[in-house]
Amino acid sequence: MYAVIRTGGKQYRVAEGDVLRIEKITGDIGAEVSFTDVLLLGGTDSPKVGRPTVSGARVVGKVLAQDKHRRVLHFRKEKEGWTRRRGHRQPYTEVKVTSISG
């Protein structure tokens with residue numbers, strides 16, 4: 001069984017046991033998180049498509065890590081002879097999907 005969930009402005013196709021990195025959400029390491037924005041449930045005889053979400057469907061996961069991605073550099077050089085180098089590290093939450101119900 002698999003599901004398509006929406007979190008952090010993005011959509012993810014998940015199945016039980018999958019580990020995914022999503023936009024940062026609140027929760028300690030080891031805590032359980034629940035996603036109720038389930039857009040599609042599949043893997044059975046007939047998939048359930050939500051309009052916009054499937055009512056009563058839920059995906060439960062466990063928080064594995066709260067971390068930051070690798071640094072992305074933004075380098076700018078002007079003709080006049082000055083440079084600027086700035087970086088950014090986007091925070092994320094790593095979640096392992098434990099169950100899908102619906």
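1. A strand, as the word is used in this note, is a DSSP run of type E with at least two residues, and strands are numbered from the N terminus. With that in hand, here is a friendly walk through the structure, which is a predicted model. One residue to keep in view is Thr93, which sits in strand E10, covering residues 91-101.

2. Let us begin with the overall make-up. The protein has zero helices and 10 strands. Reading from the N terminus, the order of elements is simply β-β-β-β-β-β-β-β-β-β.

3. Next, the overall dimensions. The C-alpha trace spans about 65 × 30 × 20 Å along the principal axes. The radius of gyration of the protein is 18 Å, while a compact globule of 102 residues would come in near 13 Å.

4. How much of the protein counts as buried? The share is 27% of the 102 residues. The accessible surface comes to about 7,100 Å², and carbon and sulfur atoms account for 46% of that area.

5. A word on contacts along the chain and on charge. Taking contacts between residues at least 6 apart in sequence, 61% of them link residues at least 24 apart. The side chains include 20 positive and 11 negative ones, and the centres of these two sets are 8 Å apart.

6. Now back to Thr93. Is this residue buried or exposed? Thr93 counts as buried because its relative accessibility is 0%, and the cut-off for buried is under 20%. The side chain of Thr93 has a polar contact of 2.8 Å with the side chain of Gln66. A polar atom of the Thr93 side chain also lies 3.1 Å from the backbone nitrogen of Ile25. Setting aside residues up to four places away in sequence, Thr93 touches a run from Leu20 through Arg21, Ile22, Glu23 and Lys24 to Ile25, together with Val63, Ala65 and Gln66.

7. Please look at Glu94 as well, which is also found in strand E10. Glu94 has 18% relative accessibility and therefore counts as buried. Which side chain does Glu94 meet in a polar contact of 3.3 Å? The partner is Arg21. Beyond its neighbours within four places in sequence, Glu94 is in contact with Val19, Leu20, Arg21, Lys62, Val63, Leu64 and Ala65. Leu20, Arg21, Val63 and Ala65 appear among the contacts of Thr93 and among those of Glu94.

8. Asp37 takes us to a loop, the one between strand E4 (32-35) and strand E5 (38-42). Its relative accessible area is 31%, so Asp37 is partly exposed. Not counting residues up to four places away in sequence, Asp37 touches Val4, Ile5, Arg6 and Thr53. How far is Asp37 from Lys77 in space? Their C-alpha atoms are 44 Å apart, with the two positions 40 residues apart in sequence terms.

9. The last stop is Arg85, in strand E9 (residues 83-88). Arg85 counts as exposed because its relative accessibility is 55%, and exposed means over 50%. Leaving aside neighbours within four places in sequence, Arg85 is in contact with Arg71, Leu73, His74 and Phe75. Arg85 and Ser46 are 39 residues apart along the chain, and 52 Å separates their C-alpha atoms.

Key:
Residues are numbered from 1 along each chain as its sequence is written. This is a predicted model: local features need pLDDT of at least 70, side-chain atom pairs count only at pLDDT 80 or more; totals for chains, interfaces and linings use all residues. Side-chain values use heavy atoms; hydrogens and water are left out. Helices (H or I, at least four residues) and strands (E, at least two) are DSSP runs, numbered from the N terminus. Buried means under 20% relative accessible area, exposed over 50%, partly exposed in between (1.4 Å probe, protein chains only). A polar contact is a pair of N or O atoms within 3.5 Å; within protein, one must be able to donate a hydrogen and the other to accept it, and residues adjacent in sequence count only if both atoms are side-chain atoms. Contact means heavy atoms within 4.5 Å. The radius of gyration is taken over C-alpha atoms; the globule rule is 2.2 Å times the number of residues to the power 0.38. Accessible areas come from the Shrake-Rupley method with a 1.4 Å probe; for residues, only the protein chains shown count as cover. Lys and Arg count as positive and Asp and Glu as negative; His and the chain ends are not counted. The place of a charge is taken as NZ of Lys, CZ of Arg, CG of Asp or CD of Glu.
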